[in-house]
Amino acid sequence: MICSEYLQKIPDWWQDDSYYNLMLSDDIDSLFSCILLEQIKSWNIQFFYDFYSLYITKETNLKQRPIAVDIAVNLQGFKCFDNHVTMLNPTDTVNEQSINFNTIDRVNRTNYFNKYCGSTLLMLWALYDMPL
């Protein structure tokens, strides 16, 4: 379970009963995180991003943005779960729809050693309070 200090600082869309498509990246943290979200929320992988191209299934509703999983997206309004350091400077803007401990703590190159070093999967496991 995540402490209430963090829960108060993250957007509440993660609790939403709406359906969202997931965007998978090319690593195992993203894959297992997507699998966990499929089990918890019944959200499905419809996008794959390999940092060169974006692949989309034919069934995808393109009017709805996907949730990026273990992909840091710094576009306002784009939902994502990730664990990456996205700020260079303490004054940099962040995506307010990102659920990321490093963004919450304003981790950047000046305080880099204070970063959350866990995976996106572990963050999701705690967020959804899943039993081990």
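**Terms and values in a predicted model**

Student: Why is R106 called partly exposed?
Tutor: R106 has a relative accessibility of 32%. Buried means under 20% relative accessible area, exposed over 50%, and partly exposed in between (1.4 Å probe, protein chains only). The 32% of R106 lies between those cut-offs, so the residue counts as partly exposed. This is a predicted model, in which local features need pLDDT of at least 70 and side-chain atom pairs count only at pLDDT 80 or more, while totals for chains, interfaces and linings use all residues. Residues are numbered from 1 along each chain as its sequence is written, and side-chain values use heavy atoms, with hydrogens and water left out.

Student: Where is R106, and what is its phi?
Tutor: R106 sits in the loop between α3 and α4. Its phi is positive, about 55°, although R106 is not a glycine. Most residues other than glycine have a negative phi.

Student: What about S42?
Tutor: S42 also has a positive phi, near 65°, and is not a glycine. S42 comes just after α2, in the loop between α2 and β2. With a relative accessible area of 49%, S42 is partly exposed.

Student: What makes α2 a helix, and what span does it reach?
Tutor: Helices are DSSP runs of H or I with at least four residues, and strands are runs of E with at least two, numbered from the N terminus. α2 has 14 residues and therefore meets the helix minimum. From its first C-alpha to its last α2 reaches 19 Å, close to the 20 Å expected at 1.5 Å a residue; the expected span is 1.5 Å times one less than the number of residues.

Student: How do you know that D27 caps α2?
Tutor: A side-chain oxygen of D27 lies 3.3 Å from the backbone nitrogen of D29, at the N-terminal end of α2. A polar contact is a pair of N or O atoms within 3.5 Å; within protein, one must be able to donate a hydrogen and the other to accept it, and residues adjacent in sequence count only if both atoms are side-chain atoms. The 3.3 Å pair is within that limit, so the cap qualifies.

Student: Which residues of α2 are buried, and how are they placed around the axis?
Tutor: They are D29, S30, S33, C34, L36, L37 and K41. These residues cover an arc of only 165°, taken from the directions from the helix axis to the C-beta atoms, so they lie on the same side of α2. I28 and Q39, on the other side, are exposed. The buried residues are covered by elements including β1, β2, β4, β5 and α4.

Student: Why is S30 called buried?
Tutor: S30 has 0% relative accessibility, so it counts as buried. Apart from residues up to four places away in sequence, S30 touches M23, L24, S25, V69 and D70, where contact means heavy atoms within 4.5 Å.

Student: How do you know that β2 and β3 pair?
Tutor: Two strands pair if DSSP finds at least two bridges between them. β2 and β3 have three bridges in the antiparallel sense, so the condition is met. F47 has I56 of β3 as its bridge partner. The open sheet has six strands in the order β3-β2-β1-β4-β5-β6, with mixed pairing. Its edge strands are β3 and β6, each pairing on one side only.
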